[in-house]
Amino acid sequence: MKELDGHRFAEMVMMGSHHLSNNADFVDSLNVFPVPDGDTGTNMNLSMTSGSKEAEQAANAHIGKTAQALSKGLLMGARGNSGVILSQLFRGFGKAIEEKETLDAKEFAGAFQAGVDTAYKAVMKPVEGTILTVAKDAAKAAVESAETESDIVKVMEALTDEAKASLKRTPDLLPVLKEVGVVDSGGQGLVFVYEGFLAVLKGEELPAVTDRTSMDDLVSAEHHKSIQGFMDTSEIEFGYCTEFMVRFEEEKTAGNPFDESRFREDLSAYGDSLLVISDEEIAKVHIHSEDPGEVLSYGKKYGSLIKIKIENMREQHTAILEKDEPMQKSAAPAKHPYAIITVSMGPGIAELFRSIGASYVIEGGQTMNPSTEDIVKAIREVGAERALILPNNKNIIMAAEQAAEVAGIEAAVVPTKNVPQGLAAILAFNPEAPVADNAESMTEAFAHVRTGQVTTAVRDTTIDGVEIRKGSFMGMADGKIINSDASLSTVTESLISDIVDEDTEIVTLLYGEGTTRQSADDLAGYIEEQYPDVEVEIHEGKQPLYPYIISAE
Amino acid sequence: MSIGLKNEFGTIDISNDVIAQVAGGAAVECYGIVGMASRHQIRDGLTDILRKENFTRGVIVRSIGEDLHIDMYVIVGYGVKISEVAYQVQSKVKYTLSKQLGMTVSSVNIFVQGVRVTNL
């Protein structure tokens, strides 16, 4: 075909509009941009219908007049973003060929290009990956094709092919499309219009409605819509996303022939977001239903079920919500008036802390300091109105102080530097007193405590005048190294003599990895022998690195 | 003037300027909008199209009590259906603000201050 006149063009427009209107629902389902309200197909369809009506009424052999009528109808009926863009595309198109009786291939391609130029002028910041991009790429392909080709059908073919290819690329240009896994809805609508044009020029039937749309596209679009739609998990009416295929079996379909529209109608009673695609052998079904069993039973009437997938959408939705706002969810547990958060190493010490009133013990210590966030999380988990934090390590005091600031509830840090201080502090806790008073009295309480720790040296060194060999034991009184020896008992005994004085009433021994209950008992015997006025308490701390942690008060 | 939010880590203050930027940014991405107009036409010259960096002058954010109202002064391209474009801007601005800033807008009022005619 070398020349296109107004009557033929009017036919093209009508077919384009018809094809778009057949597929409007599908276009709706793709709508995620600019606002995911699922109306692109409807809007474009209404706009195009209005344009097509004008063109039909004004049908004239003069193509310029027909195009003008289309442009006017589109403008008057423009609905939605893509409707407005469509009207601009054809306004430019019509303007370019205003004076023309008929079009040749070059002029035809040029008109599309003019449409794109006009359309781009009416936007300050064109967003690529939309109907605009599809129109632009398609027009460019048409112009290129028209340079060597004088057959209008071929040019229209080139235009349509490129429009489809460009549509496929839209997710690469517009991230939101990729995220949801769909192509641009407006672009898809334009492709339908172009396909209608081409079908008339070729004198062909239009392709069937479903075969170009993959089920996966539809499913992800449906899911996106439902995720957008439900703010609260409890709003989900149909809780199970059910997908399956039915492979038809003759003995079943003989008395019960498969009819897609009836099948669809019957299934729609079970839920929403229903999608059905079928051919002679197989029907593919996607539905959100509260009773997937019944849906499957229904499908089984027609044949055997294959590829069944059922997912609980409430769970998924909750998971999505939790990902969005994990903090708010976990603040649920019963309210304690006070949360006492401590940090310790070793399950035994943790147990000890809990037994004397700590509400949450964070595992941590010398080599694995908990972060501010860990502490905040712990406070939140307890769900108390007020919190006291006992870091039990000088390296954690900072993090604890930050946590107290951001916790969102009244909180204070009792700057304990080791486990015995922490234990002493907790014992001074008064649940009736305000946070500040508690912090003060607890700090005071641990100030009287003298602490001894026995650990193993990791390298040869000399600290505070004490020569230390790698692998030997060293004793620290209140954090200061006072002695070192290869024998654990020698170190421990001399350490005890350093921290215990005449005012000491109680000595607490926490024995950990590297020593035994037996040696701890022996040590206790030694202490009672040396200091008859002192009471000795022994606990299994199971702490790593420190065979003994000793406190004297 | 600003809008405050509070959560467990502290407070978040979003100034009206930011809201205006976001709303303006959403609007100029809308098809049919070719620019923002200054709301003081006499003072700033007639419908001079504001450049990107100062398009917040074409956006007024008013908070009355709990409610947020946005007035937008826009310039549209010639040949578009203005009512539809304006509607698109309203819906896009409302959507963008709720998505990016978590704010519900009570009203988005569009003042079309000019039409830009481009010669074809």
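These are legends for a set of close-up views of a predicted model, with chain A and chain B taken in turn.

**View 1. Chain A as a whole, with its 23 helices and 16 strands.**
Start here to get your bearings. Chain A has 553 residues, and 52% of them count as buried. Its accessible surface adds up to about 24,900 Å², with 49% of that belonging to carbon and sulfur atoms. If you take the contacts between residues at least 6 apart in sequence, 68% of them join residues at least 24 apart.

**View 2. An open, antiparallel sheet of four strands in chain A, in the order S2-S3-S1-S4.**
Look at the two edges of this one. Strand S2 (271-278) and strand S4 (303-312) of chain A each have a single partner strand, so one side of each is left without a neighbour in the sheet. Going from one strand to the next, the twist averages 10°. Strand S1 (residues 240-248) of chain A pairs with S4(A) in the antiparallel sense, and eight bridges hold the pairing. To find one of the bridge pairs, go to A:Tyr240: its partner in S4(A) is A:Asn312. As a general reminder, strands of a sheet pair through backbone hydrogen bonds, either parallel or antiparallel.

**View 3. Two helices, H13 and H14 of chain A, lying across strands of the antiparallel sheet.**
Helix H13 covers residues 260-268 of chain A and lies across S2 and strand S3 (282-289) of that chain. Relative to S2(A), helix H13(A) runs at about 160°. Helix H14 (residues 292-300) of chain A lies across S1, S3 and S4 of chain A. Its angle to S4(A) is about 165°.

**View 4. A second open sheet in chain A, this time with parallel pairing and the strand order S6-S5-S7-S8.**
Four strands make up this sheet. At its edges sit strand S6 (360-363) and strand S8 (410-413) of chain A, each of which pairs on one side only. The twist here averages 20° from one strand to the next. Strand S5 (residues 338-344) of chain A runs parallel to S6(A), and four bridges join the two. A handy residue pair for this view is A:Ser344 with its bridge partner in S6(A), A:Glu363. Helix H21 (residues 435-447) of chain A lies across S5, strand S7 (386-390) and S8 of chain A, at about 20° to S7(A).

**View 5. Chain B as a whole, with three helices and seven strands.**
From the N terminus on, the elements of chain B come in the order β-β-α-β-α-β-β-β-α-β. The chain has 120 residues, 50% of which count as buried. Its accessible surface is about 6,000 Å², and carbon and sulfur atoms account for 51% of that. Of the contacts in chain B with a separation of 6 or more, 63% come from residues 24 or more positions apart.

**View 6. Strand S3 (residues 33-37) of chain B, in its enclosed setting.**
Five of the five residues of S3(B) are buried, so this strand is largely enclosed by the rest of the structure. It pairs with strand S6 (residues 67-77) of chain B in the antiparallel sense, over three bridges. To line the two up, find B:Ile33, which stands opposite B:Val76 in S6(B).

**View 7. B:Met103, a residue in the loop between helix H3 (82-100) and S7 of chain B.**
Loop or not, is this residue buried or exposed? B:Met103 counts as buried, because its relative accessibility is 6% and the cut-off for buried is under 20%. Leaving out residues up to four places away in sequence, B:Met103 touches B:Ile3, B:Ile14, B:Ile19, B:Leu68, B:Leu97 and B:Ser98. B:Leu68 is 35 residues away from B:Met103 along the chain, with 8.4 Å between their C-alpha atoms.

**View 8. A nonpolar patch on the surface of chain B, formed by B:Tyr78, B:Ile82, B:Val112, B:Val115 and B:Val117.**
Together these residues have about 420 Å² of accessible area. One of them, B:Val117, lies in the segment after strand S7 (107-116) of chain B. B:Val117 counts as exposed because its relative accessibility is 60%, and exposed means over 50%.

Key. Residues are numbered from 1 along each chain as its sequence is written. Chains are lettered from A and ligands numbered from 1 in the order in which they are written. This is a predicted model: local features need pLDDT of at least 70, side-chain atom pairs count only at pLDDT 80 or more; totals for chains, interfaces and linings use all residues. Side-chain values use heavy atoms; hydrogens and water are left out. Patches are made of residues with over 30% relative accessible area and no salt bridge: like charges are joined within 9 Å, nonpolar side chains (Val, Leu, Ile, Met, Phe, Trp, Tyr) within 5 Å. Accessible areas come from the Shrake-Rupley method with a 1.4 Å probe; for residues, only the protein chains shown count as cover. A salt bridge is a side-chain nitrogen of Lys or Arg within 4 Å of a carboxyl oxygen of Asp or Glu. Buried means under 20% relative accessible area, exposed over 50%, partly exposed in between (1.4 Å probe, protein chains only). Contact means heavy atoms within 4.5 Å. Two strands pair if DSSP finds at least two bridges between them. Axes are lines fitted to C-alpha atoms, for helices over the stretch in contact, and angles run from 0 to 180 degrees between N-to-C directions.
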